[in-house]
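Let's walk through this fold together, from the way the strands pair up to the way the side chains pack. Keep the viewer open and follow along.

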Amino acid sequence: MVAIGQVWTATGVLPDWVGQFQDPPPSTPTKDRHYYMQVGALDRWYVAGLDGAVVLSDVFVDTGVLIAMPLFAPRGGTLDRLAIRVTTVAGAGKKARLGIYAPTSDKDLLPSALVLDAGEVAIDALGMQAASIAQDLTAKGLYWIALTVSEKVRVKDVSPSLAIPILGYPNDLEATYPGIGWVATHAYAALPDPFPLAGLAIITSDGLVAPSPALAVRFSG
């Protein structure tokens, strides 16, 4: 006798319909180019929102805003640095603050919950200014790398023509570029949680709405 919930066949082969009631196999990350762009332990840097090979130009970032650029992590990994490159210094003792946000959901991509406030880096000195972290990323995840500064400073930037158009064009298709990042008003302080609700899409790097700074990350593995 076959008990309820059991399946028996004379050949020992389960019919095709049985698979409809089995758990699906575990999903694996899609191996696109972002999957392989995670070199760890070799001091290689990746720029959030950048989708091409280019010599980075410069842009001024002003105080009073919180800027976020997208980072894809198809296979997860661990970040050990967040950084900017200062090309024109701010005043003595001035700082910037870096961090990571999660999107609202898989369908609402705007930054929401704070994942990590990485603390402050100096902007009164030239060159790479990095915060040391140890942040694990979820495979197939989208994150937002965020920056706010205590005084206007010039840093490396992401060219809109080589940026990920994650937020699309406005509904009239009149913008020069699609939305490549997100910006909200924020008086310089510890990063807010969640990301401020009122914000605007970044559409160019030259200060229209907001600049698109090169927010760099480094993987340790």
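Two strands count as paired if DSSP finds at least two bridges between them. With that in hand, take Leu71: its bridge partner in strand 8 is Tyr143. The two strands behind this match are strand 3 (residues 65-73) and strand 8 (residues 141-149), which pair in the antiparallel sense over seven bridges.

Before going further, a word on what you're looking at. This is a predicted model, with a mean pLDDT of 83 over the chain and 77% of the residues at 70 or more. Some stretches deserve caution. Residues 4-11 stay under 50 in pLDDT, and the model gives them eight contacts beyond four places in sequence. Residues 14-26 are also below 50, and that stretch has seven contacts beyond near neighbours in sequence.

Now the overall layout. The chain holds one helix and twelve strands, and reading along the sequence you meet the pattern α-β-β-β-β-β-β-β-β-β-β-β-β. Of the contacts with a separation of 6 or more, 75% are between residues 24 or more positions apart. Buried residues make up 42% of the 221 residues in the chain.

Back to the pairing of strands 3 and 8, which belongs to a bigger arrangement. Six strands form an open sheet in the order 6-5-8-3-10-11, with antiparallel pairing. At its edges sit strand 6 (111-122) and strand 11 (200-202), each of which pairs on one side only. Ignoring direction, neighbouring strands of this sheet are turned by 30° against each other on average.

Other strands pair up too, and strand 9 is a good place to pick up the thread. Strand 2 (residues 58-61) and strand 9 (residues 153-156) run antiparallel over four bridges, and Phe60 has Arg154 in strand 9 as its bridge partner. Strand 4 (residues 77-88) is also antiparallel to strand 9, joined to it by two bridges. There, Val86 has Val155 in strand 9 as its bridge partner.

Strand 4 also leads to strand 12: the two pair in the antiparallel sense over four bridges, and Leu79 stands opposite Phe219 in strand 12. Strand 12 has another partner, strand 1 (residues 46-47), with which it pairs in the antiparallel sense over two bridges. Here Tyr46 has Val217 in strand 12 as its bridge partner.

Which way do the side chains of strand 12 (residues 216-219) point? Ala216 and Arg218 point one way, while Val217 and Phe219 point the other way, and all are buried. That fits a general habit: in a regular strand the side chains alternate between the two faces of the sheet.

Follow Leu79 inward and you reach the packing. The largest nonpolar core has 40 residues, and those with the most contacts inside it are Leu79, Leu82 and Ile84. Leaving out residues up to four places away in sequence, Leu79 touches Leu71, Ile100, Ile133, Ala134, Gln135, Leu137, Val217, Arg218 and Phe219. Apart from this core lies another, of twelve residues, among them Tyr101, Ile166, Trp182 and Phe195. More broadly, nonpolar side chains in soluble globular proteins tend to be buried together.

How many aromatic pairs does the structure hold? It holds two. In one of them, Tyr46 and Phe219 meet edge-to-face, at 6.2 Å centre to centre with 70° between the planes. Tyr46 lies in strand 1 and Phe219 in strand 12, so this pair ties together parts that are 173 residues apart in sequence. Why does Tyr46 count as buried? Its relative accessibility is 15%, and the cut-off for buried is under 20%. Phe219 counts as buried as well, because its relative accessibility is 2%.

The other pair is Tyr101 with Phe195. Their ring centres are 5.0 Å apart and their planes stand at 85°, so this pair is edge-to-face. Tyr101 lies in strand 5 (residues 95-103) and Phe195 in the loop between strand 10 (181-185) and strand 11, so the pair ties together parts that are 94 residues apart in sequence. Tyr101 is buried, and so is Phe195. Both names should ring a bell, as Tyr101 and Phe195 are among the twelve residues of that other core.

Key: Residues numbered from 1 in each chain as written. Predicted model: local features only at pLDDT ≥ 70, side-chain atom pairs only at ≥ 80, totals over all residues. Heavy atoms only, no water. Core = buried A, V, L, I, M, F, W, Y, C linked by side-chain atoms within 4.5 Å. Buried < 20%, exposed > 50% of the residue type's maximum accessible area, 1.4 Å probe, protein only. Contact = heavy atoms within 4.5 Å. pLDDT = per-residue confidence, 0-100. Axes fitted to C-alpha atoms, helices over the stretch in contact; angles between N-to-C directions. Phe/Tyr/Trp six-rings, centres within 6.5 Å; stacked < 30°, edge-to-face > 60°.
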